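Please consider how the parts of this protein chain pack against one another. The account begins with one pair of helices and then widens to the cores and the whole chain.

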Amino acid sequence: MAEQRYAILIGNSNYLPEANLSPLRCPAQDVKGFGDLLQSEKHGPYQVERLLDKRHDDALDVIYDTLQKAERDDLVLIYYSGHGKPDFNGELYLATANTSEKRLLRTSVPIREIAGYMEKSKSRKMVLILDCCFSGAAGRVFAKGNAAEQVALSLPHGRGTYVLTACGDVQLAEEKEGDQYSLLTKYIISGISEGGADKNEDGNISMYELTTYVQEQLELAGCTQRPQSKTINQELGDLVIARTGRPSGIVRRNRVRSEIFNVAKQYPRFPKNLMDIALNVVDVTGSAPDLQRRYDTWVDQLDAKRSDPDELLGELINVIVAYQVAEEKAPNKPEEITSIKPDAAKSAQGSDSNRRGQNENSTQEETAVKREEEQADQRRNPEEEHKYAAGTGDPASMNNLGIMYEKGQGVPQDFAKAREWYAKAAARNYATSMYNLGSLYANGSGVPQDYRTARTWFEKAAALGQSNAMYKLGYMHSNGQGLPQDFVKAREWYEKAAVAGQATAMYNLGILYANGQGVDRDYEKARHWYEKAMDAGYKLAANNIGVLYASAQGVPQDYVKARELYEIAAAAGSTTAMSNIAALYEKGQGVEQDYGKAREWYEKAAEGGMPSAMYDLGVLHYNGQGVPKDYGRAREWYEKAAALGHAVAMYNLGVIYANGQGVQQDLDKARHWYEKSAEAGYPTAMYNLGVAYANGQGVPQDFAKASAWYEKAAHAGDSTAMYNLGVFFANGQGVPQDFGKAREWYEKAVTAGYTLAANNLGVLYVNGQGVSQDFGKARQWYEVAIAAGNPTAMNNLGALYDRGQGVEQDSNEAVEWYRKAAAAGHSSAMYNLGLAYANGQGVEQDLDTARSWYEKAAAAGNMSAMYSLGVLYANGQGVTQDFERARQWYEKAAGAGQ
């Protein structure tokens, strides 16, 4: 199904007196202007919902409904213009037409509630733009959102959530007198409509480009307001939010490239250095406007000049020369560039008969040279040939002798002699030999591994322009070989090597930009360098470009394009690309789902030694996808992957032995594989070992060992383990009871996304355990858990309103929270509703309804409800007095309390 784009635009200009907020001039125009832009075919199109001066529940209903109907690949944009209102704890609420300062949670749009709706949506592309005061506080909520947990049998793509706010936590968003729009919205609209935000000239505007543009414009305008941005779970990469509606710079440059090749076809002896420079000019003309116009004029006149190819070539050379002047650099020697005079292209080419004659003479000369070389080969073997040349002082021959001895080509392998010949050539300033000496020391070939000496030789070679040495220096800085890891210095060396034409350096530059190592993350620049590497012959870079297309990082998502690129890399031997093709077939992305083809590609990758492909083959056999379900074959593939260190494969072996799938059940072996997986760093295995020891599953129950494994899993980032550690410290299970530590682990769990722990924090504050008793903070933590849909927290918040703890006593509010929790199946809330109806608190007294809620709670195992039902039947309250039924309910309550 094609991607749908939804935009919810909320603006609020007018407020109630109890909101204590001033009216605003711009939100109505903000919503109209931004809405018209997004709704247009030229820049969108989005399905736009405009909400102006509406109640908070109207806004929440539209947000919830839209996020619920959005599918996986749909984009949902939520925009707000108005007042942002923080509470005393710094949490942000969006003010609406019915907002009251004293009842923020109940009369405004909490950012936490929007976050909860987003978390439950199927959409993986969501944007939140807040043009309001204090909007930077929103980032704190989303920083605590759920992190995708790695699942043993699949690789999650995560969810992409993009936040752009008008200012920081404590800044005010501005309306400038005379402006039609609020400041942030003003530059968002102009950046899209005028195309100024399209930094890479591709005709699309990404969130990164838009954010960068508005930040630059506000700074140039002298505003103190500083927009903030945040991207959560960025596996989808940068997101295209709008189009410029204009032809891209890429289209123009591709046209120029095509025409350059057309010219070259008309000249079989077209100088390669001219081709390289001409193509290079295409990539840099954007930084030289005059040159760009000259190139564009040349392209516009191509059709008229086709009849005169010499004139066409001459003009191309004129452009190249202009480029060199404009850039103040000459990649090749001047005589090589100008050997064909710009004003005399025809005479330089000569007549057809002259060219034929020159070719014939060249052929005769080449034949004589070849015959002489063959005779010389008969007189000397390769080693003697190089020694002869080396004896004359030729450093290239000295270097070649070093290569022969290093690799054992035509002579016995001898690293000492290799090092000797390399050293002789290096003494004559032969850069390649300096590089080769550095490689011997870096690899420990015939000498002790010594990164310091290796670096010295690489630096000497790099100073003489040796590109491989520059690359090696970048690699050493990147990986911390013999020196501290430093991605900034790595990038500097990779860039030098890339400019010198080193393809692997270009590829590694792409990786640095993709990962944001030593540079700001920039998928456009990553793709640029990957493409450069491909053009320079490093075809494995095609895999990484494919990943960008598959995950919509800096480019629109395109699985078909991704597969084409993966196939290029796979043909060059990339097992990663083979595995990525398999994943496309497995998931039906860009191709029809086909587990058979997925298996074929995984097998190719596995034959190449890729552990993750072996693991994936195990998953296919385990699930019976494309093959008959076969636990034995699954186990075999898992064992192969495990032997190569694949932690999840080790874990799955544990599952197979624990369940007796294709093998005799063996809990000891299961534990063995879980421990191997845990030792290899897999958090789920650590957590499961904790569960096993806590419950005595396959091992003697041991809370101390359980807590030790939970702690390891927690330090590895497992949020559930953090929560369980909190429970252990609160209950004194396997560790000394320590409510302070319980609180610390609960807070870490919440920060890591396990919001169930927020309810437990509320309980600690209610009881004053490990903290000073504070009903207000208890309420705040309950609300955090409620935003994630936690029914226990809803019941507990109801209890605070029932007792007037941290809030004004309000039985009606208490009943509402009990009702929400009961609807989610919470037995204590059902019982509390029964009490409310029995006592007429917050509702009219109704003993029959009270009995009904008691029965629901009792059916869910609530002992207090069983006892209360006994009381009703014993006293004949709302029922016919029946001592036998009373006895039965008392006995059930007693049994439940044992």
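In helix 2, Leu60, Ile63, Tyr64, Leu67 and Gln68 meet Glu113, Ile114, Tyr117, Met118 and Lys120 of helix 4, contact meaning heavy atoms within 4.5 Å; helices are DSSP runs of H or I with at least four residues, strands E runs of at least two, numbered from the N terminus. This is a predicted model, in which local features need pLDDT of at least 70, side-chain atom pairs count only at pLDDT 80 or more, and totals for chains, interfaces and linings use all residues. Residues are numbered from 1 along each chain as its sequence is written, and side-chain values use heavy atoms, leaving out hydrogens and water.

The axes of helix 2 (residues 56–69) and helix 4 (residues 111–120) come within 9 Å and cross at roughly 15 degrees; axes are lines fitted to C-alpha atoms over the stretch in contact, with angles from 0 to 180 degrees between N-to-C directions. Helix 2 is therefore roughly parallel to helix 4, a term for angles under 35 degrees.

The largest nonpolar core has 178 residues. Such a core is a set of buried Ala, Val, Leu, Ile, Met, Phe, Trp, Tyr and Cys residues joined through side-chain atoms within 4.5 Å, where buried means under 20% relative accessible area (1.4 Å probe, protein chains only). Its largest share, 10 residues, comes from helix 31 (residues 647–659). A second, separate core of 32 residues includes Leu75, Tyr187, Tyr213 and Val214.

Overall, the protein chain has 44 helices and 11 strands, and 51% of its 898 residues are buried.

Note on methods: Buried < 20%, exposed > 50% of the residue type's maximum accessible area, 1.4 Å probe, protein only. Parallel < 35°, antiparallel > 145°, perpendicular 65-115°, else oblique.
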